[in-house]
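Biologist: Could you take me through one part of this model in detail, starting from the whole chain and ending with what packs around that part? I would like the terms explained as they come up.

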Amino acid sequence: MGIETLRIAASGAAILSALWPGLALAEDGVEFFNGKTVNYIVATAPGGVYDTNGRLVAQYMQKYLPGSTFVVQNMPGAGHLLGTNYIYASEPDGLTFGTFNTGLLYGQLSGDQNIKFDLTKMSWIGKVASDPRIILVTKESGIESYEQLKALKEPIKFATAGKGSASMIEATMFVKALKLPIQVVSGYNGNEDQLAMMRGEVQGVIGSRSEFQQFVDEGKGRFIAQVGGTETDVPQLASMVDDATAKQVVGLIESQSGISRLSAGPAGIPEDRLKALRDAYKAATTDPEFVEKARALGLPVDPAVGDEVGTRVEKALDQAPEVINVLKEALSEG
């Protein structure tokens, strides 16, 4: 190869680098994960939808980051708070990230002093699903409608996870704003709430529809109200409340239903590594095999990636002062 040929080749390489810097950046990011161990944190106990979903995501992200090894680590406690604090405090090298409950949005809105993170600053990788909230009661409760629940003279017990979880916060808000006769009982993580309902310890739960669809399909309970989603087989809670405060609470809860099964890392993950993670996440959650497995497990699939998720989170956190006051007042009764 002559000197002039070398000059042309070098010039061509320089032009390509100038035109497609993102290409080299992405390749560098992907190469970083070759031979590395990635810690995927699931901020709840083994079992249940969050754990199942998280393990599926980790399995298929590993597939699209050649040479990487994903290790799923369950870190339950305080309604996903411990695991999320851990993720946020981790080294922002792209090797630690994970999934947690959207109820933490409520905690940040209300100024929970135990929160050591800022959701608006996290490195957002993606979200798998949109998943409406439901009010579920057991078959043994004898309750067949929301109106019947509201008319009860004595409260019934609803299972929730720990403080900071969506189930506990939403149940508490419903008790306060909708004046539902519910006694909130915490400490049921993973699928423990379903076991508690089967044992008769509690008579209901507030949670994500996908998490309890099989429970209902098996005839063990029924959905009596839904918040968000496009399904028409269950009445929308918003259509059954008239009080202004109640409508605000329902609207706040509905804002969370479109950003279910999140994955995020600490603030400051280098751009090339974050892009590699986002690309792997997109490839994983649109992989036909992933979609087929998810649906077989009863997991909804409606993925979004990167800044789109971050924008939705920021919007959910941008609430009017009066709505935040409603949330704080409800939580003070919990």
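Among contacts in the chain between residues at least 6 apart in sequence, what percentage join residues at least 24 apart? After that, please look closely at the open sheet of five strands.

Modeller: This is a predicted model, in which local features need pLDDT of at least 70 and side-chain atom pairs count only at pLDDT 80 or more, while totals for chains, interfaces and linings use all residues. Residues are numbered from 1 along each chain as its sequence is written, and side-chain values use heavy atoms, with hydrogens and water left out.

To your question, 79% of the contacts between residues at least 6 apart in sequence join residues at least 24 apart, a contact being heavy atoms within 4.5 Å. The chain holds 14 helices and 11 strands, which are DSSP runs numbered from the N terminus (helices H or I, at least four residues; strands E, at least two). Of its 334 residues, 51% are buried, that is, under 20% relative accessible area with a 1.4 Å probe, counting protein chains only (exposed is over 50%, partly exposed in between).

Now to the sheet itself. Its five strands follow the order E7-E6-E8-E5-E9, with mixed pairing; two strands pair if DSSP finds at least two bridges between them. Strand E7 (182-185) and strand E9 (221-227) are the edges, and because each has a single partner strand, one side of each is left without a neighbour in the sheet. From one strand to the next the twist averages 30°, where axes are lines fitted to C-alpha atoms (for helices over the stretch in contact) and angles between N-to-C directions run from 0 to 180 degrees. Strand E5 (residues 133-138) runs antiparallel to E9, and six bridges join the two; within this pair, Ile134 stands opposite Gln226 of E9.

Two helices can then be placed against these strands. Helix H8 (residues 192-199) packs on the sheet, where it touches E5, strand E6 (156-159) and strand E8 (204-208), and its direction makes about 155° with that of E8. Helix H9 (residues 209-217) lies across E5, E8 and E9, and runs at about 155° to E9. Within H9, the buried residues are Arg209, Ser210, Glu211, Phe212, Phe215 and Val216, and the buried residues of this helix pack against helix H3 (48-63), E5, H8, E8, E9 and E10. Gly219, just after H9, takes a positive phi of about 80°.

Strand E10 (residues 260-265), one of the elements that H9 packs against, contains Ser263. Ser263 counts as buried because its relative accessibility is 1%. Leaving out residues up to four places away in sequence, Ser263 touches Tyr40, Val57, Gly98, Thr99, Trp124, Ile125, Gly126 and Tyr281.

Trp124 leads on to the largest nonpolar core, which has 53 residues; Phe100, Leu119, Trp124, Ile135, Phe174, Leu178 and Leu237 touch the most other members. Such a core is a set of buried Ala, Val, Leu, Ile, Met, Phe, Trp, Tyr and Cys residues joined through side-chain atoms within 4.5 Å. Helix H7 (residues 166-178) gives the largest share of this core, six residues. Domain 1 (31-130 + 259-320) and domain 2 (133-256) both give residues to the core, so it lies between them; the domain bounds come from an automatic or database domain assignment. Apart from this core lies another, of 29 residues, including Phe32, Leu65, Phe70 and Leu299.
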